[in-house]
Amino acid sequence: MIRRQVATHFRVGSALLGALSLIGLLGCAAPERTATNFCRQLALEMPGIAEQPATPALIKSTVERYKNLQKVAPLQVEADWDALTLLMEKASKIEASDPASVQEVVDLSYASEKSAAAASAWVLATCGVDISTGLSVVQAPIPEVVTTESPTTDVATTLP
């Protein structure tokens, strides 16, 4: 009788421990920071990023989109994307009537200018998207160069 109770508690405890371990492992799993994952996430976030946020709700949504991309940004663009995300966060909290708050965002904007250019260039080269407009940029195919070969003839010059 006691053995049966111990065995039952042991099974329940083992199942509970297994479930908690699985939840812990899944909770620690972070999305891979690859260019492919970044471009996939960008495709989901781009419609909201491309529009000009005109309301507090849209501004908050845009900051969240940058944060979502920040989670999957690969090493090649991570630092630059972090700078853009920080700028978006600070800009979303600006107090227009407070000159110090405005100056802080202006200074951060100048400081992150190189990061913005680098991130934009990386996203364009890697994902084919111009993040300033939200448009996919597809390179036009290079036209084939048509060459015509004309028969060559030996021209002999003879003097009379």
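Is Glu 45 buried or exposed at 6% relative accessibility? In this predicted model, Glu 45 counts as buried, since its relative accessibility of 6% falls under the 20% cut-off. The surroundings of this residue are described below, after an outline of the fold.

The secondary structure of the protein chain consists of 6 helices and 2 strands. Read from the N terminus, the order of the elements is α-α-α-α-α-α-β-β. The chain has 160 residues, of which 21% are buried. Of the contacts between residues at least 6 apart in sequence, 55% join residues at least 24 apart.

Helix H2 spans residues 35-50. Its buried residues are Phe 38, Cys 39, Gln 41, Leu 42, Glu 45, Met 46, Gly 48 and Ile 49. These buried residues pack against helix H3 (56-72), helix H4 (75-92), H6 and strand S1 (129-130). The course of H2 is interrupted by a kink of about 50 degrees at Leu 44, shortly before the proline Pro 47.

One of the buried residues of H2, Cys 39, takes part in a disulfide with Cys 127, with an S to S distance of 2.0 Å. The model contains 1 disulfide. The angle about the S-S bond is -85 degrees, and the link of Cys 39 and Cys 127 is left-handed. Because Cys 39 lies in helix H2 and Cys 127 in helix H6 (residues 113-127), the pair ties together parts that are 88 residues apart in sequence.

Glu 45, also among the buried residues of H2, forms a salt bridge with Arg 65, with an N to O distance of 3.2 Å. This pair links distant parts of the chain, as Glu 45 belongs to helix H2 and Arg 65 to helix H3, 20 residues apart. The two partners are not equally accessible: Glu 45 is buried at 6% relative accessibility, whereas Arg 65 is partly exposed at 22%.

The count of salt bridges comes to 5. One of them joins Lys 67 to Glu 64, the closest N and O atoms being 3.9 Å apart. Lys 67 and Glu 64 are 3 residues apart in helix H3, so about one helical turn separates them. An α-helix has 3.6 residues a turn, so residues three or four places apart point the same way. Lys 67 is partly exposed, with a relative accessibility of 26%, and Glu 64 is likewise partly exposed, with a relative accessible area of 36%.

A salt bridge also forms between Glu 104 and Lys 90, where the closest N and O atoms are 3.2 Å apart. This pair links distant parts of the chain: Glu 104 is in helix H5 (residues 99-111) and Lys 90 is in helix H4, 14 residues apart. Glu 104 is partly exposed at a relative accessible area of 39%, and Lys 90 is partly exposed at 33% relative accessibility. Elsewhere, salt bridges that share partners join Glu 64, Lys 67 and Glu 89 into one network.

The largest nonpolar core has 16 residues, and the members that touch the most others are Phe 38, Leu 42, Met 46, Leu 69, Trp 81, Val 123 and Ile 131. At least two residues of this core come from each of H2, H3, H4 and H6. H2 supplies the largest share, 4 residues. In soluble globular proteins, nonpolar side chains tend to be buried together.

Within this core, Trp 81 is one of the members with the most contacts to other members. When residues up to four places away in sequence are not counted, Trp 81 touches Phe 38, Tyr 66, Leu 69, Gln 70, Ala 73, Ala 119, Val 123 and Ile 131. Among these contacts of Trp 81, Phe 38, Leu 69, Val 123 and Ile 131 are also listed with the core members that touch the most others.

A polar contact was found at Ser 115, a residue of helix H6. The side chains of Ser 115 and Asp 80 are joined by this contact at 3.2 Å. Ser 115 is buried because its relative accessible area of 15% is under 20%. Leaving aside neighbours within four places in sequence, Ser 115 is in contact with Asp 80 and Ala 83.

Definitions and conventions. Residues are numbered from 1 along each chain as its sequence is written. This is a predicted model: local features need pLDDT of at least 70, side-chain atom pairs count only at pLDDT 80 or more; totals for chains, interfaces and linings use all residues. Side-chain values use heavy atoms; hydrogens and water are left out. A disulfide is a pair of cysteine sulfur atoms within 2.5 Å. The bend at a residue is the angle between axes fitted to the seven residues ending there and the seven starting there. Buried means under 20% relative accessible area, exposed over 50%, partly exposed in between (1.4 Å probe, protein chains only). Contact means heavy atoms within 4.5 Å. A salt bridge is a side-chain nitrogen of Lys or Arg within 4 Å of a carboxyl oxygen of Asp or Glu. A nonpolar core is a set of buried Ala, Val, Leu, Ile, Met, Phe, Trp, Tyr and Cys residues joined through side-chain atoms within 4.5 Å. A polar contact is a pair of N or O atoms within 3.5 Å; within protein, one must be able to donate a hydrogen and the other to accept it, and residues adjacent in sequence count only if both atoms are side-chain atoms.
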